[in-house]
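Student: I would like a close look at one part of this structure, the aromatic pairs and what surrounds them. Please take me through it step by step.

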Amino acid sequence: MAGASGGLLAAQVTAGGGFGFLAAGLIAHLTEDPLPIGVGYLGWQLEKPTAKPEVVLSAALDNHVRAIWLAFGNNLKQWIKFIRNYDAEHKRVRKTTIFVQVSSVEEALVASDEWNVDVLVAQGNESGGHGCGSAPPLFTLVSSIIAALPKDGPPLLAAGGLVNGSQVASLLVLGAAGAVLGTRFLMTPESLYSDAQKEALVAAKSDMTVRTMAFDRARGTLDWPAGVDGRGLYNNTVKDMDGGIDINTVKEKFEQGVRDGDPDRMLVWSGMGVGLVSEVKSAKEVVQELQDDILQRLKAASELAR
């Protein structure tokens, strides 16, 4: 969750019993003790000609983070190799866990069989923020990947539109090893989202999200790999872009909306489950609520088999 997940949110998720990630660039050189969090990197940013990938990856590895998450790149294998070599050269007893995000069976098999990643994250079409526009719905994607993976393959986590424990429990029954939630944690005090963005999410219904490149065009962030777009709350920025309004006019109104905290113009990434959330809660409370709900639903499901 670039621009939303900083150190406080990641730490509080982990403290609550989950495992928190923060965006690359938000970690400083702080400690030699292992940090029980992960850091996420966009592959295409590491691959830019002006990038210094070894430096930015080492910023996390030097801090002994537990995991690195890689997504949206044309050469993720290169960065996986760098992380493995770093661990070997530094004689790390606890190797860095490598998460790789996938949106198809083919991508999952490459990551599993060729790259030997530690964890796969299946991102369904319902997911908020950036993702593959042609990705199947989450249940279809997870079912297909599970059917294709070897029995000794890496654990598979499910991501996309999830906001409560009932949804997570259904995916665990399906065969996923766990789940990833993003939108739900945007609505926490620890999130870096502004109050206006959080208020827009709390007020939103699940039919108010849309996959679009409108916000990337308004911000000038157009280096994403082919086929990638973003899901966010539909507003006048999207409406104007789709309606053919002059791009400079749209950009000006978007930038003014950001300054004013105007939900009808600013960017608010959101998954499709947003309508199931009606309040801001602390990250720890959210994790506990998820755990309680998951256990309750799994217990109910087990009783059906009696």
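Tutor: Start with the rings. This is a predicted model, and it holds nine aromatic pairs. One of them joins Trp69 and Phe99. Their ring centres are 6.0 Å apart, and the planes differ by 5 degrees. That pair is stacked, because planes under 30 degrees apart count as such.

Now place the two rings in the chain. Trp69 belongs to strand β3, residues 65-71, and Phe99 to strand β4, residues 97-102, so the pair ties together parts 30 residues apart in sequence. Are these two residues buried or exposed? Trp69 is buried, at 13% relative accessible area. Phe99 is buried as well, at 9%. The pair also has company: Phe19, Phe21, Trp69 and Phe99 are linked into a cluster by ring pairs.

Next, the sheet that carries these strands. Seven strands make an open sheet, with parallel pairing. The order is β1-β2-β3-β4-β5-β7-β8. From one strand to the next, the twist averages 30 degrees. The edges are β1 (21-23) and β8 (178-180). Each has a single partner strand, so one side of each lacks a neighbour in the sheet.

Look at the β1 edge. Strand β2, residues 35-42, runs parallel to β1 and is joined to it by three bridges. Ala23 has Gly40 of β2 as its bridge partner. Helix α1, residues 7-15, lies across β1 and β2. The angle between α1 and β2 is about 130 degrees.

Then the packing. In soluble globular proteins, nonpolar side chains tend to be buried together. Here the largest nonpolar core has 48 residues. Which members touch the most others? They are Ile68, Leu70, Val100 and Phe185. Helix α4, residues 76-89, gives the most to this core, with six residues.

Take Leu70 as a vantage point. Beyond residues up to four places away in sequence, Leu70 touches a list that includes Tyr41, Leu46, Leu76, Trp79, Ile80 and Ile83. Also among its contacts are Ile98, Phe99, Val100 and Gln101. Phe99 thus appears twice in this picture: as a contact of Leu70 and as the ring partner of Trp69. There is also a second, separate core of 23 residues, and Ala204, Phe215, Leu233 and Val277 are among its members.

Helix α4 leads on to the charged pairs. Side chains of opposite charge can pair when their charged atoms come close. The whole structure has seven salt bridges. One joins Arg84 to Asp118, with the closest N and O atoms 3.1 Å apart. Arg84 is in helix α4, while Asp118 is in the loop between α5 (105-114) and β5 (119-123). The two are 34 residues apart, and the pair links distant parts of the chain. Arg84 is partly exposed, at 26% relative accessible area. Asp118 is partly exposed too, at 29%.

Compare the charged group around Lys281. Lys281 is buried, at 19% relative accessible area; the cut-off for buried is under 20%. Its salt bridge with Glu279 has closest N and O atoms 3.6 Å apart. With Glu289, the N to O distance is 2.4 Å. Glu279 is partly exposed, at 40%, and Glu289 is partly exposed, at 37%. Shared partners join Glu279, Lys281 and Glu289 into one network.

One last stop is Cys132. Where does Cys132 sit? Its place is in strand β6, residues 129-132. Cys132 is buried, with 18% relative accessible area. Setting aside neighbours within four places in sequence, Cys132 is in contact with Phe72, Ser103, Gln123 and Asn125, among others. Further contacts include Arg211, Gly227 and Val228. Pro225 is 93 residues from Cys132 in sequence, yet the C-alpha to C-alpha distance is 9.1 Å.

To return to the rings: Trp69 in β3 and Phe99 in β4 form a stacked pair, and both belong to the ring cluster with Phe19 and Phe21.

Note on methods
Residues numbered from 1 in each chain as written. Predicted model: local features only at pLDDT ≥ 70, side-chain atom pairs only at ≥ 80, totals over all residues. Heavy atoms only, no water. Phe/Tyr/Trp six-rings, centres within 6.5 Å; stacked < 30°, edge-to-face > 60°. Helix = DSSP H or I, 4+ residues; strand = E, 2+ residues; numbered from the N terminus. Buried < 20%, exposed > 50% of the residue type's maximum accessible area, 1.4 Å probe, protein only. Core = buried A, V, L, I, M, F, W, Y, C linked by side-chain atoms within 4.5 Å. Contact = heavy atoms within 4.5 Å. Salt bridge = Lys/Arg side-chain N within 4 Å of Asp/Glu carboxyl O. Pairing = 2+ DSSP bridges. Axes fitted to C-alpha atoms, helices over the stretch in contact; angles between N-to-C directions.
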